[in-house]
Every structure is written in C-alpha cells, then in structure tokens.
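Colleague: Please take one part of this model and look at it closely, strand by strand, before setting it against the rest. I would rather have one connected account than a list.

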Amino acid sequence: MLKKNKKRKKTNQEQIKPELESSRRQFLYRSTGSFVVIGAAFSAWPFVNSLAPAKDVLADAKTEVDLSKIKRGESVTVQWRGRPVFVRHRTEKEILEAEQVKDSTLVNPQKDSERVINSEWLIVVGVCTHLGCIPLGQKKADFKGDYGGWFCPCHGSHYDTSGRVRKGPAPDNLKVPPYEFLERNKIVIG
Amino acid sequence: MERKDKLVNWIDSRLPVFTFFRDHLRDYQTPKNLNYFWNFGSILGVLLVVMIVTGLVLAMQYTPHVDMAFESVERIMRDVNYGWLLRYIHSNGASFFFIAIYIHTFRGLYYGSYKSPREVLWILGVLILVLLMVTSFVGYTLPWGQMSFWGATVITNLFSAIPFFGDEIVTLIWGGYAVDNPTLNRFYVLHFLLPFVILAVVFIHLVALHKAKSNNPLGIDSNKSKDNIPFHPYYTIKDYFGFGVFFLIFFVFVFFLPNFFGEPDNYIPANPLVTPSHIVPEWYFLPFYAILRSVPDKLIGVLLMFGAVFILFVLPWLDKHPVKSATFRPVYKQFFWLFLLDCFILGWVGSNPPTGHYIYIGRAATIFYFAFFIVILPLLTKFEKVQLDSKENRKVD
C-alpha cells in the first residue's frame, strides 16, 4: 500500500506542480470550512435567543407599591417579575442595628446606606441567594433568624435587618431591586 | 424453496432485517454463567417502552400551562378512563427505572463490566443514566405541585453558581425571572423529546455490547470462550422470568402503594410565594442532594454534586486492575460493599434536614464517596493481589 502511494505522489508532482496546487486548494478548503463554521454559529443565535425572556415577560417588569398603609415594624410582600419583593418599614432599632454592623463580620460587606434610598424602607428581592427559596420573616410570628431579618428554611441562611447574609450557605446579600420613589409614600420597582 | 422463504430472502437481500434479528436476538453468543443481576438490562428496555407508551397517552390529556397543569393532572386522575392507572404506572415507573438502573450500574461496578474492551459501552451507559436524570427531573415539574415548583427552582438555581454568567444562564433556562409558564412549557417539550434520545443511545449501547459481548460473573472474555450459548431460547426465557418477578413487585406499588415514593406536598398546587418548610428531591436524587448540602461553599457544592455522577465516565481509567470480577479481588470486594453502604448513608442524610450531626455524617460520607474513586481504586490497581481459591475458581482471563 505505502509503496503505491509514494509512486502516485511522484507522478502527481511531475504532472501538476503540487506544492502550489495544494496550497491553493488548502486555502480554498480552509476558508470554505471557516465560513461554514462561522455561519452555523451565527445561525444558532436566534434559536438560543428565543429561549431568553420574551417581550411580554419584559413588559411585565414594573410594580407600583403604596407605602402609606405599612406601619412601622411591618413588612409586606409584593410580586415583581414573578418573584416576591420584601418591603419592610424598619423600626429605629432595626435601622440602628443595620447601620452599626462592622464590615469584618459580613460575608459580603456592604453598608446599609448603599442598600436603601430612605433608611426607613428596606426593599429587597425575597429570594434566597443560595438556591432560590423564599426566606421566612415577613409575618410577625415567623422566625427571623439570629440577626432579626430573615431566615431561609431550606438550607439555613440567616439575613440581618439590611437583608445581608450573616450565616449559612448563601453566598450573597438579598438583592436590592432597582426602584425609585414616585411620591413620599409610593415607589415603583423595576 | 417455499414462497415465504422466497419473500424473506428477497427482503433480506435488500434490507437485512431478518439477518439482524437472527444474529442479535437469536444466535447472539452469550456466556452461560450469567446470574440474575444480568436481567436488569432487558428489564430497563421494557421499562423504557412502558414509560414511552404511558407517557404518550398521558401527554394527550395533559396541559402544559401554569394555570391548567395541576388541574389537568387531577382530571387525568378522576375523569379520564383509566387515567389513574396510566399516571400511577408512569410515576412509579420512574422510581422503578432508577431502582433497575442503579442495580444495573452496581452490577457493572462489582463485576468490572467497565474494563477493557467495554469502556465505550460503560460510557454510553453513564450517558443514559445522566439523560434519565434530566428526563425525570423535568418530568417531575409537570404536575405543577409545590414540590414540582420548588424542586425546579432549587435545581435550576444550581446553575447560578457558575462564575460570571450564572444569573444570565439561569434566566435563559427559565425564559423569565423565575420558574414560570415559559419554563413549564419548555420542560414539557424536553420531557417529550429526551426519552427518544435515550432510546437512540440505548440502541448504540447495544451495538457496543454486541461488539464486546456480555461480561459475566467470572470476567472471562466471552469472545474467546467456548462456553457460550445462544441468546434464544436460553436468555429470552430467563429474561421473561425476570420480567415476571420485577413487574409483580412493580404492580404491588402501582395498585396498593401508589404514592409510596411521592411527596404529599406535591398535591398542593404550586405557589411561587410560599416555600415548603422542607424541600426534598425525589428519592433517587437524595445521595447527590446530600453531597450538595454537605459542602458549605455554593460553587464547590454544585461541582461535587455533578462530579459525583460524571466521575463514572472516567471510571475505566481509575480502576485499571487487570482482573474484572470482584469475586477474585478480596480487597476490592470489601470496598465495593462499603461504597454501596456509603451511597445508602448519603441517601439517608439527604432525606433529613441539614442540621446537627447529619452535616458531619454527610461530610464523611461525601469524602468516602470521592476517595473510593480517586484514592482507593488507583491504589488497589497497583497493590491488590488476585485471589483464585474462591468457590467459583476457574481460569481467569
């Protein structure tokens, strides 16, 4: 077999200057191949992108909350983008606790002032940053964890009165959603 | 030649179906010493057909929409003729599928069925196991009860541990900002599609099996052995007997204990604003769930959980001891039973809340699980001596 191939190669060489020929051919093969790969990669995009949130899902993305009915020390849960948002009207004591924590004791250091617009109101997404359960602590009778904020019953993460993780497997603080005050007692989330 | 044979020959010379069935279902040379642990391959094949057939008729009654999914399942249970039977066969079938596939896998582990020349056969088997896990996970979401919803939430959130793109990937999986209608809809499509992918991989698994031929309790190379017998009638009849025993037990559960493997919480409709106080996955995921929870770091926990399954892919290169069967490997045999016990311990830890001593037992069991593959098997490959004076002593290839 090998011998045969060698022979054939030789005759080829004599006939059509294979070096030039093969490099031209190789260039054509490779550039065609590259275009096919690049083209296939681009045409995959609409398929992948169709899985992302659709326009109607995105359009549902704003929620208004009337704060006037929430008394001090109370919390309400509102729904935003299909998930719960905790709105807590914090007491003086809770605000003080949240502000006086030393950074070194926090898993993910963040000042309380970075997490609120008006320090009376704490607004966080009520989804545990570990694996997405909803922490307890919205009702008066709920166990609020060792730091007076929230406690996730799934895998035991504790959050403080600023929604920061203090203990347990959660890697991050409860997320603060984008929101703004429309009036003194009205916010819009999203 | 009779007319019938003429027709058969005419077809067979153009499409060799008859030759195929003769070679692979009748004359296929099989070791004569296979024990009952070799029944589970064909049992799994029958279960796959049972699941596809019950799934097809259930799909004709089910509605994949968050407002109607739960009620359509209740309608199947109450109003559809024999709907209760079809659904209980399908839901218990999932559990029995895992019972059978785990026995089948541990059979391979004990008798060294992953060793040369069966590495690809083994890898295809692990691939089927992974596909089955994905299929059952998305399928469990469909009834849209509390456990469906929160199981789906917790498992999809595992991907948020991926560095940099984690949240974007999870949003892409959900098609929204939480598990919601788009998620349910695509999980339904996947649950319909994947069984047919499994069917295709099972076929390739069998191609690989018929190339390397069956392993056996002694680990003798059956391509060279003269102690082979044709598959039919010897193993067809033995497989039928196995079906009888297995499905007798299966239908005890279908008819008398249909919710034995289920969670009562899944008869509460999904509520995205209330997490059940104790989320547990289906029993067949418990050992992996225990591994996830025994690691305090989120990313490492997720990696180890997936790693616990994926490490099976490289098993042929972790255990390169020349002897296949544990029958002739006295030390490996001890560790095999310890490993099996370890999997049960992990399962038990996974079903309990992650507090107190469960955490420490879970951590110890997790360490042993990985040590078995990464430390013990390579060491045994180097140092373990073969024992030939067992009861079943014969020539070892």
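Modeller: What follows starts with the conventions, turns to one strand and its neighbours, and then widens to the two chains.

This is a predicted model, in which local features need pLDDT of at least 70 and side-chain atom pairs count only at pLDDT 80 or more, while totals for chains, interfaces and linings use all residues. Residues are numbered from 1 along each chain as its sequence is written, and chains are lettered from A and ligands numbered from 1 in the order in which they are written.

The part I would choose is strand E3 of chain A, residues 83-89. Helices (H or I, at least four residues) and strands (E, at least two) are DSSP runs numbered from the N terminus. Of the 7 residues in E3(A), 6 are buried, so this strand is largely enclosed by the rest of the structure. Here a residue is called buried if 20 or more other C-beta atoms, placed from the backbone, lie within 10 Å of its own, exposed if 12 or fewer do, and partly exposed in between.

E3(A) has a partner in strand E2 (residues 75-80) of chain A, to which it is joined by 6 bridges in the antiparallel sense; two strands are said to pair if DSSP finds at least two bridges between them. E2(A) and E3(A) form a hairpin with 2 residues between them, and in its turn A:Arg81 has a positive phi of about 50 degrees. E3(A) also pairs with strand E4 (residues 121-125) of chain A, again antiparallel, over 5 bridges. A:Phe86 is a good place to see both pairings, for it is the bridge partner of A:Thr77 and also stands opposite A:Val124 in E4(A).

Another hairpin in chain A can be read alongside this one. Strand E5 (residues 148-152) has 4 of its 5 residues buried, so it too is largely enclosed by the rest of the structure. It is joined by 4 bridges to strand E6 (residues 157-160) of chain A, and the two run antiparallel, with A:Gly148 having A:Asp160 as its bridge partner in E6(A). There are 4 residues between these strands, and among them A:Gly156 takes a positive phi near 75 degrees.

Taken as a whole, chain A has 5 helices and 9 strands, which run α-α-α-β-β-β-α-α-β-β-β-β-β-β from the N terminus on. Buried residues make up 29% of its 190 residues. Chain B, by contrast, has 15 helices and 2 strands, and buried residues make up 36% of its 397 residues. The radius of gyration of chain B is 23 Å, which agrees with the value near 21 Å for a compact globule of 397 residues; this radius is taken over C-alpha atoms, and the globule rule is 2.2 Å times the number of residues to the power 0.38.

Where the chains meet, the contact takes 20 residues from chain A and 22 residues from chain B, two residues being in contact if their C-beta atoms, placed from the backbone, lie within 7 Å. The side of chain A that touches chain B divides into 12 nonpolar, 6 polar and 2 charged residues, where Ala, Val, Leu, Ile, Met, Phe, Trp, Tyr, Cys and Pro count as nonpolar, Asp, Glu, Lys and Arg as charged, and the others, Gly among them, as polar.
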